[in-house]
Amino acid sequence: MTDPAAALAGVATGIGSWPGTDIANAVTTVIGELPDLPHVVELPARGLGADMIGRTGVLLVDIEIDAATSGYRVSRRPSTTSRRARDFLTEDLDVLEEQWELAGLRGSGRAVKVQAAGPLTMAADIELAFGHRALTDRGAVRDIAGSLAEGVAAHADEVARRLGAEVVVQFDEPRIAAVLAGRLQGVTSLEQIAAVPAPEVADLLGSVVQRVNRPVIVHTCSADVPFEVFGRSGVHGVSFDLSLLPTSRYDAVGDYLESGGVAVLGVVPGTDPEKYPAWRESAAPAVELMDRLGFPRRYLAERVAVSPTCGLSGASLPWARHALTVLRDVRAAFTEDPDAL
């Protein structure tokens, strides 16, 4: 793909997670409601091994993890938890491949998105054998990043082969702001983990992006989105909750867009709102952002994509389905006549 950002701009997509445990229904819905960029569905409600860290753990190369009382820990050998997670992922890909074929999408040119926890979040949430976060050991952090890059590249290759489709990779980094600010605690409340310098984080992410060698989005639910770090790392798209973005960070968004990146704007809630918004209401903050930045509204189609603010696993099924419909309508408005908004 000559321009990775071209696979991201002007699309509507999901973050990854979905409510319930019915994988066939979830896959059918996502393929049908997100014609631009459907995604491999995640169902955390299935329990241990279906969550973000456990699911990503089975993609690691030459590193095994197991459930511990405080979360996940590096293991000497494959565990029951990792086998369970691997079974979930295999089932999910089998169902996706079947539904993709039934929908006649093989060779259609449509792309699909895969998701995994990012290297900083994995290092923050996995414990080493002696109980400390892997983030406290820079060598372990580099090992996790390299293992993750290899595993996600292989995973993306498998999905591309199964579906005959281009693949976009999303790394979820909910911990990245805390890692940069040194806000993570260690095994006790008295142990504070030192901040990881921004250049080091950018280099680490950049090495992963280069190895994956596909269009890469980084998603974070934080209000403090490190656009500068993502820009230096070569990330092609940044996915964030637009409602949390302070006006003081507008210029950082503008700089990222001008550098060629794509903003994946979270414009519909990840959980049920009191009142279901219409598409125009959901589109308004994105239009306002472009206007405040002084960008032409055609950027809504050329440099912007839309998504929920976060995963939909905590939503009801009716809202999850409605959220995707709203996103599709917002995307159509941005693409067809943004100046009329």
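User: At the start of H1, which residue has a side-chain oxygen that reaches the backbone nitrogen of Ala 24?

Analyst: Quick ground rules: this is a predicted model, where local features need pLDDT of at least 70, side-chain atom pairs count only at pLDDT 80 or more, and totals for chains, interfaces and linings use all residues. Residues are numbered from 1 along each chain as its sequence is written, and side-chain values use heavy atoms, leaving out hydrogens and water. Helices (H or I, at least four residues) and strands (E, at least two) are DSSP runs, numbered from the N terminus. As for H1, the oxygen comes to within 3.3 Å of that nitrogen, and its owner is Asp 22.

User: Which helices do the buried residues of H1 pack against?

Analyst: Helix H1 covers residues 23-33, and its buried residues are Ile 23, Ala 26, Val 27, Thr 29, Val 30 and Ile 31. Buried here means under 20% relative accessible area, with exposed over 50% and partly exposed in between (1.4 Å probe, protein chains only). On spacing, an α-helix has 3.6 residues a turn, so residues three or four places apart point the same way. Going by contact (heavy atoms within 4.5 Å), the partners are H3 (80-102) and H12 (317-336).

User: In the open sheet of 6 strands, which strands stand at the edges?

Analyst: The order is E3-E5-E6-E7-E8-E9, with parallel pairing; two strands pair if DSSP finds at least two bridges between them. The edge strands each have a single partner strand, so one side of each is left without a neighbour in the sheet: they are E3 (111-117) and E9 (304-308).

User: What angle does the direction of H12 make with that of E9?

Analyst: Axes are lines fitted to C-alpha atoms, for helices over the stretch in contact, and angles run from 0 to 180 degrees between N-to-C directions. Within this sheet, neighbouring strands are turned on average by 25° against each other, direction ignored. H12 packs on the sheet and touches both E8 (262-268) and E9. Its direction and that of E9 make an angle of about 165°.

User: Which residue of E5 is the bridge partner of Val 114?

Analyst: E3 and E5 (residues 166-172) run parallel and are joined by 7 bridges. One of the pairs puts Val 114 with Val 169.

User: Which helix gives the most to the largest nonpolar core?

Analyst: A nonpolar core is a set of buried Ala, Val, Leu, Ile, Met, Phe, Trp, Tyr and Cys residues joined through side-chain atoms within 4.5 Å. The largest has 106 residues, and Leu 135, Phe 171 and Phe 240 touch the most other members. With 11 residues, the top helical contributor is H5 (138-163).

User: Apart from that one lies another core; how many residues does it have?

Analyst: Phe 171, from the largest core, touches residues including Leu 148, Val 152, Val 212 and Ile 217, leaving out those up to four places away in sequence. Ile 217 also turns up among the members of the other core, along with Ala 9, Val 168 and Val 264. That core's residue count is 12.

User: In the sheet with the order E1-E2-E4, how many residues does the hairpin use to join E1 to E2?

Analyst: This is an open sheet of 3 strands with mixed pairing, where E1 (64-68) and E4 (126-127) stand at the edges. E1 and E2 (residues 71-75) pair in the antiparallel sense over 5 bridges; Ala 68 has Gly 71 as bridge partner, and Ile 65 stands opposite Val 74. The number of residues in the hairpin link is 2.

User: Is Thr 56 buried or exposed?

Analyst: Thr 56 sits in H2 (residues 52-57). Beyond its neighbours within four places in sequence, it is in contact with Ala 116, Ala 117, Met 122 and Leu 148. Its relative accessible area is 2%, so it counts as buried.

User: Which side chain does Ser 243 join in a polar contact of 2.6 Å?

Analyst: Ser 243 lies in the loop between E7 (237-241) and H9 (250-258), and at 60% relative accessibility it counts as exposed. A polar contact is a pair of N or O atoms within 3.5 Å; within protein, one must be able to donate a hydrogen and the other to accept it, and residues adjacent in sequence count only if both atoms are side-chain atoms. The partner side chain is that of Asp 241.

User: How many disulfides does the structure hold?

Analyst: A disulfide is a pair of cysteine sulfur atoms within 2.5 Å. Cys 221 is partly exposed at 31%, as is Cys 310 at 29%. The disulfide count is 0.
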